[in-house]
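I opened my notebook and went looking for pockets, surface patches and charged pairs. Come along and check each entry with me.

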Amino acid sequence: YTILSKVHSDRNVYPSAGVLFVHVLEREYFKGEFPPYPKPGEISNDPITFNTNLMGYPDRPGWLRYIQRTPYSDGVLYGSPTVENVGKPTVIEITAYNRRTFETARHNLIINIMSAEDFPLPYQAEFFIRNMNVEEMLASEVLGDFLGAVKNVWQPERLNAINITSALDRGGRVPLPINDMKEGVYVMVGADVPFSSCLREVENPQNQLRCSQEMEPVITCDKKFRTQFHIDWCKISLVDNTKQVSTFQEVIRGEGILPDGGEYKPPSDTLKSRDYYSDFLITLAVPSAIALVLFLILAYIMCCRREGVEKRNMQTPDIQLVHHSAIQKSTKELRDMSKNREIAWPLSTLPVFHPVTGEIVPALHTDTYETTSMPLMQTQQ
């Protein structure tokens, strides 16, 4: 069901298009590439990480994925090769990093994708397993157990694992670190016979209603998976490629579609140049004229239509004008009288002692000074 290989220098592998491919990068193999552990007699357990990329490119092909959970676990390359790459060797550069000594070791993996005679299988089902992570599901024994359970339920003659995808790649969230929760994994399998009645039970209206209410549907064959795999039956996807209607539509030629052999003819280079000077003047003259008219109207209203002081006085009663004039005269007279009166300065504003000698300092002003313009505190010399 899967192609499982161990890492070696310049290793050639031959996966089939449309069939799950798994390649394990074992840390034990790369330990021999790095210097021995500094303390003799102790087992080396250096943290080793891997970097994989297509030769000459910074990343891997689109169909190939890589996962390594911790620097103390093995790395895994997995994916489903595409038909477009059949017959084209794909060279993957594998670089191992020793995080203790910062040394590297590089190996090449040559992937020769072969065409599968029985692919594509017309009936494909995708299961979502909630209690598994992708690296756990990629293990050959775990994936073999799952395919065995599917075969007991489906009863096909040919059954292949097509692809495995982590739930995080489908928009899932990282689970909380409680109760040993898993991320979940999608497993797609293909067979050559129609879906069994057990798998069709998901399409029942009762189960669809239960799924819409976030309740677990009733599936009779769930007990064959429950011992090891917890399947979310509401997320199962059944695809029947035999009923797929071709989306190709014949092009109906009509107006706007060139006939066969037609060529695009660009416009001639002998076109006359157009003079945009008049358009430029019109674009500026019309808004400028409107703005000038509005300015003149506003200037006339603001400057030529003012009432003035004389008109205001003519509309004001004489008794009110007399009172206003009397108040202004009285105010001016009081201000003049207050300005000319002579009063003694407050003692708090006069300096008493010289800051250096301590002698009594006389006032720095005479009585003839204008008291209203003197500061409250004298500047000390």
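My entries follow, one topic at a time.

**Before starting**

I reminded myself that this is a predicted model.

**Entry 1: the largest pocket**

I began with a simple question: how much space lies in the largest pocket? I noted about 310 Å³. Next I looked up the lining and found 17 residues. Nearest the centre of the pocket lie Phe128, Arg173, Lys182, Glu183 and Lys235. I then sorted the lining by residue class. Seven residues of the lining are charged, six are nonpolar and four are polar.

**Entry 2: a nonpolar patch**

I turned to the surface and asked which residues make a nonpolar patch there. My list reads Ile282, Val286, Ile290, Val293, Leu294, Ile297, Leu298, Tyr300, Ile301 and Met302. Together they make a patch of about 1000 Å². I picked Tyr300 from the list and located it in helix H7, which covers residues 277-304. Is Tyr300 buried or exposed? The relative accessible area of Tyr300 is 46%, so I wrote down "partly exposed", the class between 20% and 50%.

**Entry 3: salt bridges**

I wanted a general idea first: side chains of opposite charge can pair when their charged atoms come close. How many salt bridges does a search of the whole structure find? The search gives twelve. I followed up three of the pairs.

*Arg69 and Glu135.* In this salt bridge the closest N and O atoms are 2.8 Å apart. The two partners are 66 residues apart, so I count this pair as a link between distant parts of the chain. Arg69 sits in the loop between strand E5 (64-67) and strand E6 (75-79), while Glu135 belongs to helix H2 (residues 134-137). I checked their exposure too. Arg69 is partly exposed at 40% relative accessible area, and Glu135 is also partly exposed, at 23%. I then found a network of salt bridges that links Arg69, Glu135 and Glu183. I had met Glu183 before, in the lining of the largest pocket.

*Arg158 and Asp192.* I noted an N to O distance of 3.8 Å for this salt bridge. This pair links distant parts of the chain, 34 residues apart. I placed Arg158 in the loop between helix H3 (140-154) and strand E10 (159-166). Asp192 is in the loop between strand E11 (185-191) and helix H4 (197-200). Arg158 has 35% relative accessibility, which means it counts as partly exposed.

*Glu216 and Arg226.* The N to O distance in this salt bridge is 2.8 Å. Here the partners are ten residues apart. I found Glu216 in the loop between helix H5 (205-212) and helix H6 (223-226), and Arg226 in helix H6. Glu216 is partly exposed at 41%, and Arg226 is partly exposed at 27%.

**Entry 4: positive phi angles**

Last, I looked for residues other than glycine with a positive phi. Phe102 has a phi near 60°. I traced Phe102 to the loop between strand E7 (90-98) and strand E8 (104-111). With a relative accessible area of 69%, Phe102 is exposed. Gln155 is not a glycine either, and I noted a positive phi of about 60° for it. Where does Gln155 lie? I found Gln155 in the loop between H3 and E10, the loop that holds Arg158. At 57% relative accessible area, Gln155 is exposed.

Methods
Residues are numbered from 1 along each chain as its sequence is written. This is a predicted model: local features need pLDDT of at least 70, side-chain atom pairs count only at pLDDT 80 or more; totals for chains, interfaces and linings use all residues. Side-chain values use heavy atoms; hydrogens and water are left out. On a 1 Å grid over the protein atoms alone, a cavity is a set of points where a 1.4 Å probe fits but cannot get out, and a pocket is an open set with protein on both sides within 12 Å along at least five of seven lines; lining residues have an atom within 4 Å of a point. Grid points are joined across faces, edges and corners, and a volume is the space filled by probe spheres set on the points. Ala, Val, Leu, Ile, Met, Phe, Trp, Tyr, Cys and Pro count as nonpolar, Asp, Glu, Lys and Arg as charged, and the others, Gly among them, as polar. Patches are made of residues with over 30% relative accessible area and no salt bridge: like charges are joined within 9 Å, nonpolar side chains (Val, Leu, Ile, Met, Phe, Trp, Tyr) within 5 Å. Accessible areas come from the Shrake-Rupley method with a 1.4 Å probe; for residues, only the protein chains shown count as cover. A salt bridge is a side-chain nitrogen of Lys or Arg within 4 Å of a carboxyl oxygen of Asp or Glu. Helices (H or I, at least four residues) and strands (E, at least two) are DSSP runs, numbered from the N terminus. Buried means under 20% relative accessible area, exposed over 50%, partly exposed in between (1.4 Å probe, protein chains only).
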